[in-house]
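The following paragraphs lead the reader through one structure, beginning with charged pairs and ending with the nonpolar interior. Please keep the sequence and the model in view while reading.

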Amino acid sequence: MVVKQLLRWTLGLFLCLHGLAFPAPLVAQGAIHRFADLGYGDRTAFGIDAVLDYYFPIPTALRPRSDGVLTLRFTHSPLLRADRSTITVVLNGRALGSARLTPDNAEEGVLSVVLPIAGFDGPGLFIQVLLHMRLTDDICEEVQNPALWTVVQGDSTLQIDLQPAKAGTLADVAALFAPLPLSSPEVRAPPTIVLHPTTEPSTLAAAGQVAFAIGRWAALVQQDPALTMSDTVPEQLPIIVVALASLPDGDWGPVRWNGRAYEVNGQEVPLDHGLLMVAPASPPRLVVAGATPTALRLAAQALGTSLPAASVLAVTQPPPQLPAASWRDGAASFAQLGVDRRQVVGAGEHQIDFAFERPAGWDVRVGGKLDLYITTAAGLRAQTSWVTAAVNGITLGSQRLQVETNGPVRYRFSLPADLLNSDLEGTPIRRLDLQIRLYLDLPNSGCEEVDPSAAWAVIEPTSAWYLPNDPAAVDDLGRFPAALLADTNTRLVLPPQPTIQDVQAGLELAAAMGRWVTLKDAPPPILLTANDIGDDRNGPLVILGSRERHPLAAMINTPSNTPFVYQPGRSAQATLSIVPSPWQSGVRVLLIDAADSDGLRLGVRVLREWALLRVLRGSQARITADPDPTVVPLTNPLQTPPQTLTPRIEVTLLERFPAWQVVGSILLIALGATAVLVIRIRWLR
């Protein structure tokens, strides 16, 4: 008995000591992402004090569920002094953990820290790795000694548990209904638009504006928009109800229809006021309603603006005109494009990446420029501190940092116009991937140590793009929706008596326009049927349907091109064509010619998904699917390849003729001259 009790005490004491000597490993749920997969490979830091910056954006539609774990894997110089060399992790300005750089971890160093991000609602995680490296105990350390190095490997990992936003207010509608990024650990069902009543023209038009807003929300996370359509309320799916003087059966929280007006907590809403409501449910439910067609239109228009943090909102008037729309006059500041100031701290090289989208309907002229406004610390070494900019992998140049001023300094870079219009295949360029590299160098007076935080630089939001441009050839499917942009609303015309699948195709097209419209003040499209358009057919139109199904399609003279590749047995097919409008000069019509609803949705899918849209070029294309879609352009690209990437050898005029032709020409001229001379001599005699 005594022996057993002694064994228990011994075992308990051993477990306690083991727990103290070997702490429990960090535990966190969520996906594990390698730095290399997030865009950061092996990075090397040199010098006594160095900083490596990492920025991991959190998509709009996701929120951290719990704390995360950052695991750094590193190697370093084996010559470093273990008692004086350290590595530290800082998250958004808060130090989280440190470790010494010792001979034991010179080959396979690991530092894991908990990231306190549960409930974090910021745009991203700014992580800094601070390094202090010493080779000796001397006060006079060799700052530029090449043995002062540490490599943070691309196999380092970020473990983060992100969950889709599932509840919120009207201010969170973008996060509640936007698509999830491809890296998301979960899959979110696309929102289902429920029309009540289904075929009412006012609900169709309002639903088109709602779908346009869905496309705008998808653009925030740079994903393809997705939605479904139903005439009943599905269970366990995100729902957006578009209702006119009614509500479908279901629990809509404080909102109900009393047969004459909408009520919120028993109080009637005026008949001319639109109504927006986010129901306290998961998956989220959004109600866009109005007792009259005008009120419903007001509610739908409000989704294109910033909404307050409220669950219910009455809309009394149209939204104000958006001021200072980006790209409207060929220029846009970083602030207009949603980029805040970005700061880097610490001596050494820093890299900042941005992704922008420019209007696809432009032909950029010579004279474009990028102005970077950068504020720097006054203590930097001007001779060796610099900034470099690159766009779409093309280096624009480098400039020395001007550190003598106290305010922002403009650094201007010229843009290569031909490289910003199309690629070698004639596909129009829409994206501007900007990479800024900064090298911040601190002066060293003898062996005096300098505080690394004294080296910093800020990319100001006043930085701007200037793209002088001319209108591009709008008869180019690859520039969708450039051919449809005008001061008036584009009208998406469905066949008469459309099916639910036809309506869904129209809503998906409206979402595609919202996704790819870069001018944020562009008016949303109007969804209607061929029966409702009447005789007013001016302005840009999209006609969805074949000649047999759609009366307007029969009035259009489409090209008679046939595909040079034919794949029999395909279950769905569609033809996209951009043609001049027969009803108004100078206006274009987009025709999606398909025999059935499946073909219509296939044609719209090519305009909605980036992987397919980037294949389109020219004014006509054929799409087939069974099950994967195949895009066959039927016309030549309208955009010429960039001259810089297609050089030509200049040949002089003399070199263009073969040698025998040159000799023969000389002999012929000599013979002719001789004959003339002989004739003149005889004539004179």
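A salt bridge is a side-chain nitrogen of Lys or Arg within 4 Å of a carboxyl oxygen of Asp or Glu. In this predicted model, a search of the whole structure yields 22 salt bridges.

One of them joins Asp137 to Arg81, with the closest N and O atoms 2.7 Å apart. The two partners belong to distant parts of the chain, 56 residues apart: Asp137 sits in the loop between strands E9 and E10, and Arg81 in the loop between strands E5 and E6. Asp137 is partly exposed, at 43% relative accessibility, and Arg81 is likewise partly exposed, at 28%.

A second bridge pairs Arg491 with Asp536, whose closest N and O atoms are 3.7 Å apart. Arg491 lies in strand E34 and Asp536 in the loop between helix H6 and strand E36, so this pair ties together parts that are 45 residues apart in sequence. Arg491 counts as buried because its relative accessible area, 12%, falls under 20%, whereas Asp536, at 45%, is partly exposed. Bridges with shared partners also form a network, made up of Arg81, Asp83, Arg84 and Asp137.

Glu263 and Arg256 form a further bridge, their closest N and O atoms being 3.0 Å apart. Here Glu263 is buried, at 10%, and Arg256 is partly exposed, at 46%.

The nonpolar interior comes next. The largest nonpolar core has 112 residues, and those touching the most other members include Leu72, Ile193, Trp217 and Phe480. Beyond its neighbours within four places in sequence, Ile193 is in contact with residues including Val210, Ile214, Leu227, Met229 and Leu507. Apart from this core lies another, of 41 residues, among them Leu372, Leu380, Leu396 and Leu440.

Note on methods: Residues numbered from 1 in each chain as written. Predicted model: local features only at pLDDT ≥ 70, side-chain atom pairs only at ≥ 80, totals over all residues. Heavy atoms only, no water. Core = buried A, V, L, I, M, F, W, Y, C linked by side-chain atoms within 4.5 Å. Buried < 20%, exposed > 50% of the residue type's maximum accessible area, 1.4 Å probe, protein only. Contact = heavy atoms within 4.5 Å. Helix = DSSP H or I, 4+ residues; strand = E, 2+ residues; numbered from the N terminus.
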